[in-house]
Protein chains: 2
Amino acid sequence: MKPNRRVKLSDLASKLGLSTSTVSRALNDHPKIPTATKKRVQLLADELSYHPNPFAKGLLKQKTKTIGVLLPSFKLPFFVDITDNIQKELKSYGYNLIVTTTGKSLKDEKEAFWKMAKAHVDGIIAIINQDHEEVSFLNDILDEGIPIIFIDRVVESIDANYVLSDDFTGSYTAIDHLIKTGHKKILYLEGPENLSTSFYRTQGYLEALKDNQINDTNVLSCENVDEVKLKLQSCPSSYDAIACFNDYYAFEALEYLQAQKVQVPNQVSIIGFADEPLCKYTSPKLSTVAQPCEEIGKISVSNLLNEINSLQINQPTEFKTIKIPTTLKIRESCK
Amino acid sequence: MKPNRRVKLSDLASKLGLSTSTVSRALNDHPKIPTATKKRVQLLADELSYHPNPFAKGLLKQKTKTIGVLLPSFKLPFFVDITDNIQKELKSYGYNLIVTTTGKSLKDEKEAFWKMAKAHVDGIIAIINQDHEEVSFLNDILDEGIPIIFIDRVVESIDANYVLSDDFTGSYTAIDHLIKTGHKKILYLEGPENLSTSFYRTQGYLEALKDNQINDTNVLSCENVDEVKLKLQSCPSSYDAIACFNDYYAFEALEYLQAQKVQVPNQVSIIGFADEPLCKYTSPKLSTVAQPCEEIGKISVSNLLNEINSLQINQPTEFKTIKIPTTLKIRESCK
DNA sequence: CTGTTAGCGCGTTCAT
DNA sequence: ATGAACGCGCTAACAG
């Protein structure tokens, strides 16, 4: 392995008998450079596989062409899917991506933001876990001129740009579908208390019942997946459908019912939320509400890039929240 | 949102009545600076939340403290898991991570390598798809002083550093276990032809049969998941176990058998490979061979960092291949 | 112990 | 149309 010998502008210049400025201009397609020289320069650049040193450039332009993505973990396919779409979208704009997982602690989350700031990313896209008591550090980061887009989850205490899936309508539609297909008593397995997504999904359930003149609501709160089976045990089994905060809850419910020899979907239908890959691997295959990962990725990127640009020309923008529609996926777990 | 006003060394210097070099030295814990000044400087730096501009630093040191990870897709949890572990490990060394997915085309793969080179990463960890006819571009990248570690898959034509899971032994152990637990006729669903992992796993199967004096080998080649059911249809069902190239193949086999009303594991046992999360969501839960994602992540990082350091002091190293043991996970799909 | 100077590689004046 | 000179922010070398 040879030592580090990267070719630079001055190398090209001396080989071509030109000045570095001319070479730079030629490479950047400056109007006053004759096409002939441009070609000559480009040719040598390609031959020596020259790439401009991003540090020199970054130092000059104060732009890194890199954006940071911050997510709780790689374990949830939903997050990964969004990240993937962000990456693809960013690629088309010539931007790079730095990813950091934050774990569950507020401290890690805060650190991750600072890490991004240190890396001088041009912007940040973040999925954050929960409410932060103290959000001044976010303002510090905004003060450094780094715009942030929050996705998937709303944090009450933070006024900012959000890109979310329309949890309320998604949940509403699912419940409405269950009712319209003849289900009378729908149990709802509610998610963690401090999650905005959980809140909106429960609201969707309640609203759908109300709009269908069903007064008999039935909500079972579970702080996490492990609580599902326990809670179901101590719950009268007078339901003909279970709607769930997410697919993992739904899977637990499915396992529980099957252990009880309850037939799904003949006796009880089940529906999840998120359309995680596992839905296709359970039997019966899980009905669910698909979240628009691709749109969330695309829209958050385009918004962030807008933000970056309007920041550059010193044009402050308003914070906005964008909700993106979900899609109902009916599979085998609903009759 | 305020305009970009990042605090720099000279800001600290002027506020403290010191020169930039003194401040720089204080912050870098230079021995000849009195502790008192160090404290004073550090205090102000914290207060103004100063972080050194990584571009200025990068320009000077020609080190980015960033490494690139290149993987085919985010869709396979196994890859994501490794990436996650790489990220965690890198974090502990103060390194950043740039991830790029390459898709399946050779062109994308090549481009991704160049992209990393352009970003001037200090090193690259790559999972690549298949054989490249023309690997000179890799040498071009090595020539720029960027070391590369390949993980998971071996590419014949590339002499380089590899970190792999021990596919041969993993597969051997699984098959041996099946035999020892009374299975007489084991069908093997072989993976894609051009994948090194597939090759070694098949070898493990063959060797295990041989060592147990079973001459009756039974290999069914499937280029991809979609072929599994088709191939099984045209295959005499005289087996009492199916071992598979990976978990997705195993899941297809499971679905096929269940559709044929064959009981798993009572009539036929199934075992996969990789320990993808889906294993726990099928019923019966899938037995499999777990790959050491954590070790692969850790070891590839430490090797890469070694490589980077020895490169710095101009000390060429030998290419080496490291194989890491797998773990057999017996779940419900084996009797 | 500390300040001054120089230079990392690039793009952008300002001259010519 | 092109070159010389400067500066982005930082640190290392060289004084003192």
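**Two chains and two DNA strands**

Me: Which element gives the most to the surface near DNA strand C?
Reply: A residue is near a strand if one of its heavy atoms lies within 4 Å of it. Helices are DSSP runs of H or I with at least four residues, strands are runs of E with at least two, and both are numbered from the N terminus. With four residues, the element that gives the most to this surface is α4(A).

Me: What kind of model is this?
Reply: Residues count from 1 along each chain as its sequence is written, chains are lettered from A and ligands numbered from 1 in the order written, and side-chain values use heavy atoms, without hydrogens or water. Local features need pLDDT of at least 70 and side-chain atom pairs pLDDT 80 or more, while totals for chains, interfaces and linings use all residues, as this model is predicted.

Me: Which residue has a side chain with an N or O atom 2.4 Å from a phosphate oxygen of DNA strand C?
Reply: Let's start with the surroundings: 24 residues lie around DNA strand C, and among those that come nearest are Leu9(A), Leu60(A) and Ser21(B). Of the strand's atoms within 4 Å of the protein, 66% belong to sugar or phosphate. The residue at 2.4 Å from a phosphate oxygen is Thr22(B).

Me: Which side chain has a polar atom 2.8 Å from a base nitrogen of DNA strand C?
Reply: One base nitrogen of this strand has a backbone N or O atom of Ala56(A) at 3.3 Å. The side-chain approach at 2.8 Å to a base nitrogen belongs to Arg25(B).

Me: How far is a polar side-chain atom of Arg25(B) from a base nitrogen of DNA strand D?
Reply: Around DNA strand D there are 24 residues, with Thr22(A), Arg25(A), Leu9(B), Tyr50(B) and Leu60(B) the closest. Sugar and phosphate make up 68% of the strand's atoms that come within 4 Å of the protein. A phosphate oxygen lies 2.8 Å from a side-chain N or O atom of Ser19(A), and another pairing puts a phosphate oxygen 3.3 Å from a polar backbone atom of Asn53(B). For Arg25(B) and the base nitrogen, the distance is 3.0 Å.

Me: How many charged residues does the surface near DNA strand D have?
Reply: Helices α2 (20-27) and α4 (54-61) of chain A and of chain B each supply at least two residues here. Ala, Val, Leu, Ile, Met, Phe, Trp, Tyr, Cys and Pro count as nonpolar, Asp, Glu, Lys and Arg as charged, and the others, Gly among them, as polar. On that basis the surface has nine nonpolar residues, nine polar, and the charged ones number six.

Me: How large is the area buried between chain B and chain A?
Reply: In contact (heavy atoms within 4.5 Å) are 57 residues of chain B with 57 of chain A. Buried area is the accessible area, with a 1.4 Å probe, that two parts lose on being put together, summed over both. Carbon and sulfur atoms give 55% of the total, which is about 5,600 Å².

Me: Which residue of chain B forms a salt bridge with Lys75(A)?
Reply: A salt bridge needs a side-chain nitrogen of Lys or Arg within 4 Å of a carboxyl oxygen of Asp or Glu. Four are counted between the two chains. With the closest N and O atoms 3.5 Å apart, the partner of Lys75(A) is Asp81(B).

Definitions and conventions: Polar contact = N/O pair within 3.5 Å; in protein donor to acceptor, adjacent residues only side chain to side chain.
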